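Here is a short tour of a protein model, going from the whole chain down to single residues. Have the viewer open as you read.

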Amino acid sequence: MDPKAIAEQAIAHTKENRTVAVTGTGTDEQGAAQESQACMAISPDGNTSSMKGTTKVDGVSAEVIGTGGKSYVKAPGMFYAREAGGTDPASVAAFDRAVGGKYVVGDDEGSQDSADFFDGKTDGLVKGEVTDFHGKKAVPLSWTDADGTRKTVYVAAKGDPAVVGQLEENGPARVESEVTGYGVPCDVAAPPADQVITQEQARQAVAAQA
């Protein structure tokens with residue numbers, strides 16, 4: 001079967017199940033250890049998705065929610081201080097005071113625009129030989145994004161055309177994810193408004209302490 005047909009069958013399988021759970025491990029662009037665990041809920045029309053889960057970067061955990069075109073992150077000061085490039089105790093404390101245990105909201109970067117693992121791309125995929133992915137026989141389908149990220153999605157070689165995992169690589173950044181379940185409970189909702197601050201409000205709160 002050609003790669004386009006395999007990808008389209010895998011997309012349809014994911015949409016039919018309406019929810020999927022994924023775990024991932026790897027390194028980010030700075031080479032720091034990264035772990036994630038999340039579930040994704042697909043809309044009734046199969047065109048959009050919401051997600052919730054946790055991510056851990058260099059040992060620091062954050063709660064992540066993506067829904068309605070927005071992403072919400074709740075994390076300790078160390079998480080934001082690291083992103084800002086300063087992890088000294090004073091910077092960490094400043095972010096802790098600024099965020100105060102609230103969710104920081106920002107625009108989603110596109111992960112909710114497509115309810116499939118192929119980012120809407122079913123043309124130009126390269127099909128590899130059947131291989132073993134975490135103990136499952138799978139067909140690898142690969143492509144390279146405009147930013148140079150090499151992506152490979154692994155589709156079960158037998159039975160239902162289920163995605164069993166994926167790999168993303170770009171320089172030192174490398175994340176390998178395993179699909180751990182379809183049809184799992186995954187109720188996603190945006191946090192209450194009084195628990196949310198904007199990125200600009202967080203920046204202003206940090207600046208005010210300088």
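## Histidine 13 and the burial cut-off

A residue is called buried here when its relative accessible area is under 20%, and exposed when that area is over 50%. Histidine 13 has a relative accessibility of 10%, so it counts as buried. Bear in mind that this is a predicted model.

Histidine 13 sits in helix 1, which covers residues 3–17. What does histidine 13 touch once its neighbours within four places in sequence are left aside? The contacts are Asp160, Pro161, Ala162 and Tyr182.

## The chain as a whole

Stepping back, the protein chain is built from four helices and 13 strands. A compact globule of 210 residues would have a radius of gyration near 17 Å, and the 19 Å of the protein chain agrees with that. The C-alpha trace spans about 60 × 35 × 30 Å along its principal axes. Of the contacts with a separation of 6 or more, 51% are between residues 24 or more positions apart.

As for the surface, the accessible area of the protein chain is about 11000 Å², with 49% of it belonging to carbon and sulfur atoms. Buried residues account for 40% of the 210 residues. On the charge side, there are 19 positive and 31 negative side chains, and the centres of these two sets lie 2 Å apart.

## Around helix 2

Helix 2 runs over residues 77–84, and its buried residues are Gly77, Phe79, Tyr80 and Ala81. What do they pack against? The partners are strand 3 (49–57), strand 4 (60–67), strand 5 (70–74), helix 3 (89–99) and strand 6 (103–107). Just after helix 2 comes glycine 85, with a positive phi of about 90 degrees.

Valine 92, in helix 3, gives a view of this area from the other side. Its relative accessible area is 13%, so valine 92 is buried. Leaving aside neighbours within four places in sequence, valine 92 is in contact with Gly77, Met78, Ala81 and Thr87. Proline 76 is 16 residues from valine 92 along the chain, and the C-alpha atoms of the two are separated by 8.3 Å.

## Aromatic pairs

A pair of aromatic rings is described by how far apart the centres are and by the angle of the planes. The structure holds four aromatic pairs. One of them joins phenylalanine 79 and tyrosine 80, edge-to-face, at 5.7 Å centre to centre and with 85 degrees between the planes. Both phenylalanine 79 and tyrosine 80 are buried. Ring pairs also bring in Phe95, linking Phe79, Tyr80 and Phe95 into a cluster.

Now for phenylalanine 133 and tyrosine 154: stacked or edge-to-face? The ring centres are 4.5 Å apart and the planes of phenylalanine 133 and tyrosine 154 are at 25 degrees, so this pair is stacked. Phenylalanine 133 belongs to strand 8 (residues 131–133) and tyrosine 154 to strand 10 (residues 150–156), so the pair ties together parts that are 21 residues apart in sequence. Both of these residues are buried.

## Two positive phi values

Most residues other than glycine have a negative phi. Aspartate 58 and histidine 134 are worth a look for that reason. Aspartate 58 has a phi near 55 degrees and is found in the loop between strand 3 and strand 4. With a relative accessible area of 51%, aspartate 58 is exposed.

Histidine 134 has a phi near 50 degrees and lies in the loop between strand 8 and strand 9 (136–144). Is histidine 134 buried, partly exposed or exposed? Its relative accessible area is 42%, so histidine 134 is partly exposed.

## A buried loop residue

Last stop: phenylalanine 117, in the loop between strand 6 and strand 7 (126–127). Its relative accessibility is 10%, so phenylalanine 117 counts as buried. Beyond its neighbours within four places in sequence, phenylalanine 117 is in contact with Thr14, Val20, Val22, Trp143, Val153, Val163, Gln166, Val179 and Tyr182. Tyr182 also appears among the contacts of histidine 13. The C-alpha atoms of phenylalanine 117 and valine 64, which are 53 residues apart along the chain, are separated by 19 Å.

Methods. Residues are numbered from 1 along each chain as its sequence is written. This is a predicted model: local features need pLDDT of at least 70, side-chain atom pairs count only at pLDDT 80 or more; totals for chains, interfaces and linings use all residues. Side-chain values use heavy atoms; hydrogens and water are left out. Helices (H or I, at least four residues) and strands (E, at least two) are DSSP runs, numbered from the N terminus. The radius of gyration is taken over C-alpha atoms; the globule rule is 2.2 Å times the number of residues to the power 0.38. Buried means under 20% relative accessible area, exposed over 50%, partly exposed in between (1.4 Å probe, protein chains only). Contact means heavy atoms within 4.5 Å. Accessible areas come from the Shrake-Rupley method with a 1.4 Å probe; for residues, only the protein chains shown count as cover. Lys and Arg count as positive and Asp and Glu as negative; His and the chain ends are not counted. The place of a charge is taken as NZ of Lys, CZ of Arg, CG of Asp or CD of Glu. Rings of Phe, Tyr and Trp (its six-membered ring) pair if their centres lie within 6.5 Å; planes under 30 degrees apart count as stacked, over 60 as edge-to-face and the rest as tilted.
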